[in-house]
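Biologist: I would like to learn how to read strands, burial and side-chain pairs in a model such as this one. Could we take the features in turn, with the general idea before the case at hand?

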Amino acid sequence: MEGAVTYNGEPVASGSLSFMPVAGGTPFGAKVVDGRYVADKPSTGKFKVMVSGNRITTVPKTREEADALARQNQGRSLPANYIPEDAAGNAQEVNVSGGGETLDFAITGPPRE
């Protein structure tokens, strides 16, 4: 099973999918890399799918860059997962037949603050 994962029309560069069984079954997951995922051994059944996107951060090289980043974030610690659980298209239920299928996930909404 494979597919595309986007958030607000842009490919999710780094993240994961969690497939949680709705009524019995075995949960499974898949990594998202450059807007694509592959689940090698998916379980079958009905699943609730949670999409998460990891912030890709760069380490400031100078004190000035670090100060600018702190001002930009206004002293807040930003969450690692920038896709809210209640974003449109997240936590949707899907049927998985067990292989060879393509399921795409297009999530929309404001980033998690």
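Modeller: What follows goes from conventions to strands, and then to side chains. This is a predicted model, in which local features need pLDDT of at least 70 and side-chain atom pairs count only at pLDDT 80 or more, while totals for chains, interfaces and linings use all residues. Residues are numbered from 1 along each chain as its sequence is written, and side-chain values use heavy atoms, with hydrogens and water left out.

Biologist: How many bridges join β3 to β4, and in which sense do the two strands pair?

Modeller: Strands (E, at least two residues) are DSSP runs numbered from the N terminus, and two of them pair if DSSP finds at least two bridges between them. Here strand β3 (residues 14-21) and strand β4 (residues 28-33) are antiparallel, with 6 bridges. They form a hairpin with 6 residues between them, and G24 in the turn has a positive phi of about 75 degrees. β3 also runs antiparallel to β6, to which 7 bridges join it. G15 shows both pairings, since its bridge partner in β4 is V32 and its bridge partner in β6 is G53.

Biologist: What continues from β4 to β5?

Modeller: β4 and β5 are again an antiparallel pair, here over 2 bridges, and one bridge partnership is that of V33 with R36 in β5. This hairpin has 2 residues between the strands, and D34 takes a positive phi near 55 degrees.

Biologist: Which side chains of β4 are buried?

Modeller: Buried means under 20% relative accessible area, exposed means over 50%, and partly exposed lies in between (1.4 Å probe, protein chains only). Along β4 the side chains alternate, with F28, A30 and V32 pointing to one face and buried, whereas G29, K31 and V33 point to the other face and are not buried.

Biologist: How many salt bridges are there?

Modeller: Side chains of opposite charge can pair when their charged atoms come close. The rule used asks for a side-chain nitrogen of Lys or Arg within 4 Å of a carboxyl oxygen of Asp or Glu, and by this rule the count comes to 2 salt bridges. One of them joins the side chains of R36 and E2 at 3.2 Å, N to O. This pair links distant parts of the chain, with R36 in strand β5 and E2 in strand β1 (residues 2-7), 34 residues apart. The C-alpha atoms of R36 and E2 are 7.4 Å apart in space. R36 is partly exposed at 40% relative accessibility, and E2 is partly exposed at 37%. Taking contact to mean heavy atoms within 4.5 Å, and leaving out residues up to four places away in sequence, R36 touches E2, G3, A4 and K31.

Biologist: Why does the pair of K46 and E93 tie together parts that are 47 residues apart in sequence?

Modeller: The side chains of K46 and E93 meet in a salt bridge of 3.5 Å, N to O. K46 lies in strand β6 and E93 in strand β7 (residues 92-96), so the pair ties together parts that are 47 residues apart in sequence. K46 is partly exposed at 41%, as is E93 at 46%.

Biologist: Is S52 buried or exposed?

Modeller: S52, found in strand β6 (residues 45-53), is buried, with a relative accessible area of 16%. Not counting residues up to four places away in sequence, S52 touches V12, S14, G15, S16, N81 and I83.

Definitions and conventions:
Helix = DSSP H or I, 4+ residues; strand = E, 2+ residues; numbered from the N terminus.
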